[in-house]
Amino acid sequence: MRHTLTQMYDARVAQGTLRPDPAQHAILPMLEDLRNWLEAQPARRPGLLSGLFARSAAPPKGQYLWGGVGRGKSMLMDMFHAATDIPAKRRVHFHAFMQDLHRQLHAVRKTGTDDPLSPVAAEIINDTRLLCCDEMQITDITDAMIVGRLFQMLLDAGVVIVTTSNRPPADLYKDGLNRAAFLPFIDLLHNRLTVTKLESPTDYRQHRLTGAQVYFHPAGRAQSALNAIWADLTGGAAGAPLRLPVNGRTVEVARFANGTARASFWELCAKPLGSADYLSIAGAVRVLILEDIPHLSATNYNEAKRFVILVDALYEAKVRLICSAADEPERLYIEGTGSFEFERTASRLREMQSEGWAAVTA
Ligand SMILES: Nc1ncnc2c1ncn2[C@@H]1O[C@H](COP(=O)(O)OP(=O)(O)OP(=O)(O)O)[C@@H](O)[C@H]1O
Ligand SMILES: [Mg+2]
């Protein structure tokens, strides 16, 4: 039997995996309308290039769902995406999507075309009727121009777009350079999508971690607890690498899903990464699960130094840090050069374990 999104949500509430939230509930009928429309569309004939859909019924407006962190935007979008029974659907993380886009544009430019975006858009249109973009954020004007034109082309071709973001459209590129060039994109979002604020008062991510142990030592025994936290925060997703552009390079975190990244101390602190890399990671994730922090000393001074920078970046960005370590924070680095600087890090590691930490909303 086919269940509506509201029925699915209510079933999860009844099972106890979701807490009833009227603000979330209010979003479901809008997503249900999109789902119904999408499922009612005739399958596209194969080979019909350009993907221009039969315009028998004009596509309904997609959703621009925004609100503070942990309110359940991604959860609602994922539920909608999973339930919508059509083959031509795609769910992307905005960062990763932009990177793919840049790669494709780069490849097409080599063929010498003057308008590389058109063929790239045509390809997306050809196999996508529903595009769900999680965590839309715009940090540079080139990206803004590309996404603006791309969305225009997708919407004109009848692709339904659903996005989540922490900001309303007008604040997407708030203090950015050359903001005037960005204004048409804000108009496009307002005119072509339904902009909805998820008004929920609860940060459920915070809620799920409240009272939970987030610092485990010794590390050896923490694996299964960390696995359980990962499963809880990501809904059991496998996770995919998160690749972030930093000064013309790419920094990678091995596993990422639904705002949560997971890496080992060695992956993040034994490579020659610097503060720009850590700031970029801290800006892109909400929760970092960091495994196997070892005892630190003068012999692994470089790793320790990087760890200090990483913790500072996470602290400033109010990222939740969940970690496994060889020892208590204060006993991780007890002697030699750098141990003094490490005191602040230890104190921050302590503070980041406390209940109310990072409970501030966006
Ligand atoms: N009503 C609810 N009851 C219990 N848990 C919930 C509820 N809504 C969401 N969650 C859980 O809270 C966590 C955060 O939700 P979600 O990732 O959807 O938030 P978000 O609004 O996308 O946050 P962000 O802006 O940081 O991306 C997830 O683990 C999600 O499953
Ligand atoms: Mg989210």
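In this predicted model, the largest nonpolar core has 42 residues. Leu-290 and Phe-307 have the most contacts inside this core. Helix H12, residues 301–316, gives the core its largest share, eight residues.

Take a look at Phe-307. Which residues does Phe-307 contact, once its neighbours within four places in sequence are left aside? Phe-265, Cys-269, Leu-290, Ile-293 and Leu-296 are in contact with Phe-307. Phe-342, Thr-345 and Leu-349 complete the list. Leu-290 thus appears here as a partner of Phe-307, and both residues have the most contacts inside the core.

A second core lies apart from this one. This other core has 38 residues. Among them are Leu-101, Ile-125, Phe-185 and Leu-189.

Now turn to Arg-348. Its place is in helix H13, which runs over residues 339–351. Is Arg-348 buried or exposed? Arg-348 counts as buried, because its relative accessibility is 14% and buried means under 20%. The side chain of Arg-348 also has a charged partner: a polar contact of 2.8 Å joins it to the side chain of Asp-312. Not counting residues up to four places away in sequence, Arg-348 touches Val-311, Asp-312, Tyr-315 and Glu-316.

Pro-22 gives the opposite case. Pro-22 sits in helix H2, residues 22–40. With 68% relative accessibility, Pro-22 counts as exposed, because exposed means over 50%. Where does the chain come back towards this part of the sequence? Look at Leu-198, which is 176 residues from Pro-22 along the chain. The C-alpha atoms of Pro-22 and Leu-198 are separated by 10.0 Å.

Last comes ligand 1. How many residues are around ligand 1? There are 22, and Gly-70, Lys-73, Ser-74, Arg-208 and Arg-286 come nearest. By type, the shell divides into six nonpolar, eight polar and eight charged residues.

Some atom pairs show the fit in detail. A polar backbone atom of Arg-71 is 3.1 Å from an oxygen atom of ligand 1. At Gly-72, a backbone N or O atom lies 2.9 Å from an oxygen atom of the ligand. Arg-208 uses its side chain: a polar atom there lies 2.7 Å from a nitrogen atom of ligand 1. On its own, ligand 1 has 640 Å² of accessible area, and the protein covers 96% of this. Helix H3 (73–83), helix H8 (204–209) and helix H9 (223–234) are the elements that give two or more residues to the shell.

How values were computed. Residues numbered from 1 in each chain as written. Chains lettered and ligands numbered in written order. Predicted model: local features only at pLDDT ≥ 70, side-chain atom pairs only at ≥ 80, totals over all residues. Heavy atoms only, no water. Near = heavy atom within 4 Å. Polar contact = N/O pair within 3.5 Å; in protein donor to acceptor, adjacent residues only side chain to side chain. Areas by Shrake-Rupley, 256 points an atom, 1.4 Å probe, with all protein chains shown as cover. Helix = DSSP H or I, 4+ residues; strand = E, 2+ residues; numbered from the N terminus. Core = buried A, V, L, I, M, F, W, Y, C linked by side-chain atoms within 4.5 Å. Buried < 20%, exposed > 50% of the residue type's maximum accessible area, 1.4 Å probe, protein only. Contact = heavy atoms within 4.5 Å.
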